[in-house]
Amino acid sequence: MEPALRDLRKSALAMAPIESGMRILDIACGTGLQMAESECQGCHSYGIDMSQSMLRQAVRKRHAASTLWIRADATHSPFPSEAFDRISIVYALHEMPMGTRIRVLREAKRMLRKNGVFLLIDYDAQKEVWTGANRLSWLGTHLVERIAGLHHYRNFRHFLRNGGLLPLVEQAGYHVQENRRFRLQKAHILLVHK
């Protein structure tokens, strides 16, 4: 799965190039793969996650990276308003309950600078993506999400049933700058701003 995600990350970064001096935040950073792809000389990079074990892996695996890894709740972050030029969240919103999703998006909006952009990657919720020849992939994805736990799976199903990323960012008051779907990976990438 990682090679496909790497391609998605590279496509996403091409949509929102990173320049020296930028302040970058990855929400629900996990083991730090998104930050590893977006390494930039002269950038100030931060990754936040609730899981201490994930952050330990990020530090261990990305020890050369200049990212500061912080255990924090993405609904109430320790950062000031308008602190970041780029914010990302990759395959994490589908794991959260609906109310948490909106609070995370509103908190990200608070932290995003006026001319900043927010990059979101998650499952594509369009029904056509999960039908026909893609049915086997649909079953595999549902199995993986189900193995992650009952609450996780319920949140995943709710995310898909309610339209995925687009309705969420609209509800949180963002403006869509770019909207791409990657049918093969069943992925949706949005680039949004305030």
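Salt bridges, helix 5 and the largest pocket

In this predicted model, the count of salt bridges comes to five.

Q: Why is the contact between Glu82 and Lys194 called a salt bridge?
A: A salt bridge needs a side-chain nitrogen of Lys or Arg within 4 Å of a carboxyl oxygen of Asp or Glu. The N to O distance for Glu82 and Lys194 is 3.4 Å, so the pair is within the 4 Å limit.

Q: What parts of the chain does this pair link?
A: The pair links distant parts, with Glu82 in the loop between strand 3 (67-71) and strand 4 (84-90) and Lys194 in the segment after strand 7 (187-193). The two residues are 112 residues apart.

Q: Why is Glu82 called partly exposed?
A: Partly exposed lies between the buried limit, under 20%, and the exposed limit, over 50%. Glu82 has 43% relative accessibility, so Glu82 falls in between. Lys194, with a relative accessible area of 27%, is partly exposed as well.

Q: What makes Arg110 and Glu107 a salt bridge?
A: Their closest N and O atoms are 2.6 Å apart, and the rule asks for a distance within 4 Å. Arg110 and Glu107 are three residues apart in helix 4 (residues 98-111), and therefore separated by about one helical turn.

Q: Is Glu107 buried or exposed?
A: Glu107 is buried, because its relative accessible area is 9% and the limit for buried is under 20%. Its partner Arg110 is partly exposed at 28%.

Q: How do you know that Asp124 and Arg181 form a salt bridge?
A: The closest N and O atoms of Asp124 and Arg181 are 2.9 Å apart, so they meet the requirement of being within 4 Å. This pair also links distant parts of the chain: Asp124 is in the loop between strand 5 (112-123) and helix 5 (135-147), while Arg181 is in strand 6 (residues 175-182), 57 residues apart. Asp124 counts as buried at 1% relative accessibility, whereas Arg181 is partly exposed at 33%.

Q: How do you know that the span of helix 5 is close to the expected one?
A: Helix 5 has 13 residues and reaches 18 Å from its first C-alpha to its last. The expected value, at 1.5 Å a residue, is 18 Å.

Q: Why are the buried residues of helix 5 said to be on the same side?
A: Thr141, His142 and Glu145 are buried in helix 5. They cover an arc of only 100 degrees around the axis, which puts them on the same side of the helix. Leu136, Leu143, Val144 and Ile147 are exposed on the other side.

Q: What covers the buried residues of helix 5?
A: The cover includes strand 5 and helix 6 (150-161).

Q: Which residues are the closest to the centre of the largest pocket?
A: They are Ala28, Val90, Tyr91, Ala92 and Glu95, out of 38 lining residues. The pocket has a volume of about 930 Å³. Elements giving two or more residues to its lining include helix 1 (2-15), strand 1 (23-27), helix 5 and helix 6.

Q: Why is Tyr91 called buried, and Ala28 partly exposed?
A: Tyr91 has a relative accessible area of 13%, so Tyr91 is under the 20% limit. Ala28 has 27%, which means that Ala28 lies between 20% and 50%. Tyr91 is in the loop between strand 4 and helix 4, and Ala28 in the loop between strand 1 and helix 2.

Definitions and conventions. Residues are numbered from 1 along each chain as its sequence is written. This is a predicted model: local features need pLDDT of at least 70, side-chain atom pairs count only at pLDDT 80 or more; totals for chains, interfaces and linings use all residues. Side-chain values use heavy atoms; hydrogens and water are left out. Helices (H or I, at least four residues) and strands (E, at least two) are DSSP runs, numbered from the N terminus. Buried means under 20% relative accessible area, exposed over 50%, partly exposed in between (1.4 Å probe, protein chains only). The expected span of a helix is 1.5 Å times one less than its number of residues. The arc is that of the directions from the helix axis to the C-beta atoms. Contact means heavy atoms within 4.5 Å. On a 1 Å grid over the protein atoms alone, a cavity is a set of points where a 1.4 Å probe fits but cannot get out, and a pocket is an open set with protein on both sides within 12 Å along at least five of seven lines; lining residues have an atom within 4 Å of a point. Grid points are joined across faces, edges and corners, and a volume is the space filled by probe spheres set on the points.
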